[in-house]
Amino acid sequence: MKLVLGSGSPRRKELLAQIGVVADDIRPPDIDETPLKAELPRPYCARMAREKALAVVATPDEIVLCADTTVALGRRILGKPDDATEAERFLRALSGRRHRVITAVAVKKGESLWERDVVTSVKIKRLSESEIAGYIATGDWQGKAGGYGIQGPAGALIPWIEGSFTAVVGLPLAETAGLLQAAGYPLWRAS
């Protein structure tokens with residue numbers, strides 16, 4: 001049984017390795033990730049994971065794993081910033097506030113699709129101008145929803161989370177393991 005990771009994210013690959021899962025192939029789908037008019041963050045994130053899974057071409061015996069991570073500030077979706085200026089704007093908006101990080105996972109095998117989403121509350125401390133400038137200078141914000149990655153230098157800016165740390169990084173491991181097992185992927189096999 002082959003596992004296809006429908007993501008080019010090195011973080012997702014690293015997280016899967018933590019539970020002993022190595023994808024047989026990596027096939028990131030190319031889909032339009034533009035939110036629909038008035039679409040709320042959680043339904044948007046679930047739709048993205050589902051559309052990614054459906055877009056990956058696979059044989060009936062291959063299991064496809066896709067995920068999407070969205071940062072939500074109220075009803076507002078903070079995607080991956082286009083540039084440092086937008087990343088700064090995101091950090092200023094998140095400074096001193098709690099927000100939600102939603103990660104949706106979709107697993108496809110043949111015509112079957114298993115889905116789950118996980119919502120984690122995250123608080124970013126009140127940021128000084130030098131902290132914002134310092135974090136932006138690291139370049140760590142690039143390619144990350146909301147303009148930060150909890151597992152990198154931004155970890156020093158986050159005093160509190162409630163929920164799944166691995167979901168904030170990009171893949172909730174407990175829920176992902178459950179979906180893979182539901183699809184028949186052999187987790188926890190002896191070497």
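**A short tour: two helices and three residues**

Hi everyone, let's start with a pair of helices, α3 and α4, whose crossing is right-handed. Before I go on, please keep in mind that this is a predicted model.

Which residues make the contact between these two helices? From α3 we have Ala84, Ala87, Glu88, Leu91 and Arg92, and from α4 we have Glu129, Ile132, Tyr135 and Ile136. If you sort the residues of this contact by character, six are nonpolar, three are charged, and none is polar.

Now for the geometry. Helix α3 covers residues 84–94 and helix α4 covers residues 129–138. Their axes lie 10 Å apart, and the packing angle is about 140°. Because of that angle, α3 counts as oblique to α4; the roughly antiparallel class takes angles over 145 degrees.

Next stop, Thr69. You will find Thr69 in strand β3, which spans residues 62–73. Is Thr69 buried or exposed? Its relative accessibility is 18%, so Thr69 counts as buried, given that the cut-off for buried is under 20%.

The side chain of Thr69 has two partners I'd like to show you. One polar contact, of 3.1 Å, links it to the side chain of Arg12. Another, of 3.0 Å, links it to the side chain of Thr103. Setting aside neighbours within four places in sequence, the residues in contact with Thr69 also include Cys45, Val101, Ile102, Ala145, Ala167, Val168 and Gly170.

Let's move on to Ile77, in strand β4, residues 76–78. With a relative accessibility of 22%, Ile77 is classed as partly exposed. What does Ile77 touch, leaving out residues up to four places away in sequence? The answer is Pro35, Glu39, Leu40, Pro41, Tyr44, Thr70 and Val71. For a sense of distance, take Arg27: Ile77 and Arg27 are 50 residues apart in sequence, and their C-alpha atoms are 25 Å apart in space.

My last residue is Ala38. Where is Ala38 found? It sits in the loop between β2, residues 25–26, and α2, residues 41–55. A little background helps here: most residues other than glycine have a negative phi. Ala38 is not a glycine, yet its phi is positive, at about 65°. Ala38 is also exposed, with a relative accessible area of 71%.

So, to recap the three residues: Thr69 is buried, Ile77 is partly exposed, and Ala38 is exposed. Thanks for listening!

Terms used: Residues are numbered from 1 along each chain as its sequence is written. This is a predicted model: local features need pLDDT of at least 70, side-chain atom pairs count only at pLDDT 80 or more; totals for chains, interfaces and linings use all residues. Side-chain values use heavy atoms; hydrogens and water are left out. Axes are lines fitted to C-alpha atoms, for helices over the stretch in contact, and angles run from 0 to 180 degrees between N-to-C directions. Helices (H or I, at least four residues) and strands (E, at least two) are DSSP runs, numbered from the N terminus. Angles under 35 degrees count as roughly parallel, over 145 as roughly antiparallel, 65 to 115 as roughly perpendicular and the rest as oblique. A crossing is left-handed if the near helix is turned anticlockwise from the far one by less than a right angle, and right-handed if clockwise. Contact means heavy atoms within 4.5 Å. Ala, Val, Leu, Ile, Met, Phe, Trp, Tyr, Cys and Pro count as nonpolar, Asp, Glu, Lys and Arg as charged, and the others, Gly among them, as polar. Buried means under 20% relative accessible area, exposed over 50%, partly exposed in between (1.4 Å probe, protein chains only). A polar contact is a pair of N or O atoms within 3.5 Å; within protein, one must be able to donate a hydrogen and the other to accept it, and residues adjacent in sequence count only if both atoms are side-chain atoms.
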